Amino acid sequence: MEVTGFLTAIIIGLVIGALGRLVVPGKQNIPIWLTLVIGVVAAILGTLVAGLFGVDDTAGIDWIELLLQVIFAAAGVYIAAGAYGRRRH
């Protein structure tokens, strides 16, 4: 991954975190900063996995990469909501 790809993943990650939170059903009792961190990590992981499959640089919008990022974000939000919810009670 290039430096520009990494920086783009961080910026996109902020949006990806919000999308991941929207995909997970129910209310998630996690702070917004945690959602944003999850989004950044998910964007980086999604970009890396897309690179492994060779779909990270396609003509036009990289839909597969975006889908992978949202899936990672949704999984991260789901796990964090479960862990954070148990810790708070």
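In which helix is the place of L48? L48 sits in helix 2, and that helix is a good starting point for a walk through this predicted model.

**Helix 2 from end to end**

Helix 2 covers residues 32–53. With 22 residues, helix 2 reaches 31 Å from its first C-alpha to its last, close to the 32 Å expected at 1.5 Å a residue. After helix 2 comes G54, whose phi is positive, near 75°.

Much of helix 2 can be read through its buried residues: L34, T35, I38, G39, V40, A42, A43, I44, G46, T47, V49 and A50. Two of these names, L34 and I38, come back below as members of the largest nonpolar core.

**L48 and the nonpolar patch**

Is L48 buried, partly exposed or exposed? L48 counts as partly exposed because its relative accessible area is 44%, and the partly exposed class runs between the 20% limit for buried and the 50% limit for exposed. L48 also belongs to a nonpolar surface patch of about 570 Å², which is made by I32, W33, V37, V41, L45 and L48.

**Across to helix 3**

Helix 3 spans residues 63–88 and includes L68. Which residues does L68 touch, leaving aside those up to four places away in sequence? They are G46, V49 and A50, and each of these appears among the buried residues of helix 2. If you would like some distances to check against the coordinates, here are two C-alpha pairs.

| C-alpha pair | Separation along the chain | C-alpha distance |
|---|---|---|
| L48 and E65 | 17 residues | 9.0 Å |
| L68 and V41 | 27 residues | 12 Å |

V41 in the second pair is also one of the patch residues.

**The largest nonpolar core**

Which residues make up the largest nonpolar core? There are 9 residues in all: V24, I30, L34, I38, A74, V77, A80, A81 and Y84. Helix 2 and helix 3 each supply at least two residues of this core, and helix 3 gives the most, with 5 residues.

Y84 is a handy core member to zoom in on. Not counting residues up to four places away in sequence, Y84 touches N29, I30, P31 and L34. Of these contacts, I30 and L34 are listed in the core together with Y84.

**Putting it together**

Helix 2 thus offers two views: L34 and I38 take part in the largest nonpolar core, while L45 and L48 are among the residues of the nonpolar surface patch. On the helix 3 side, L68 touches G46, V49 and A50.

Conventions: Residues numbered from 1 in each chain as written. Predicted model: local features only at pLDDT ≥ 70, side-chain atom pairs only at ≥ 80, totals over all residues. Heavy atoms only, no water. Helix = DSSP H or I, 4+ residues; strand = E, 2+ residues; numbered from the N terminus. Contact = heavy atoms within 4.5 Å. Patch = residues over 30% accessible without salt bridge, like charges linked within 9 Å, V, L, I, M, F, W, Y side chains within 5 Å. Areas by Shrake-Rupley, 256 points an atom, 1.4 Å probe, with all protein chains shown as cover. Salt bridge = Lys/Arg side-chain N within 4 Å of Asp/Glu carboxyl O. Core = buried A, V, L, I, M, F, W, Y, C linked by side-chain atoms within 4.5 Å. Buried < 20%, exposed > 50% of the residue type's maximum accessible area, 1.4 Å probe, protein only. Expected span 1.5 Å × (residues − 1).
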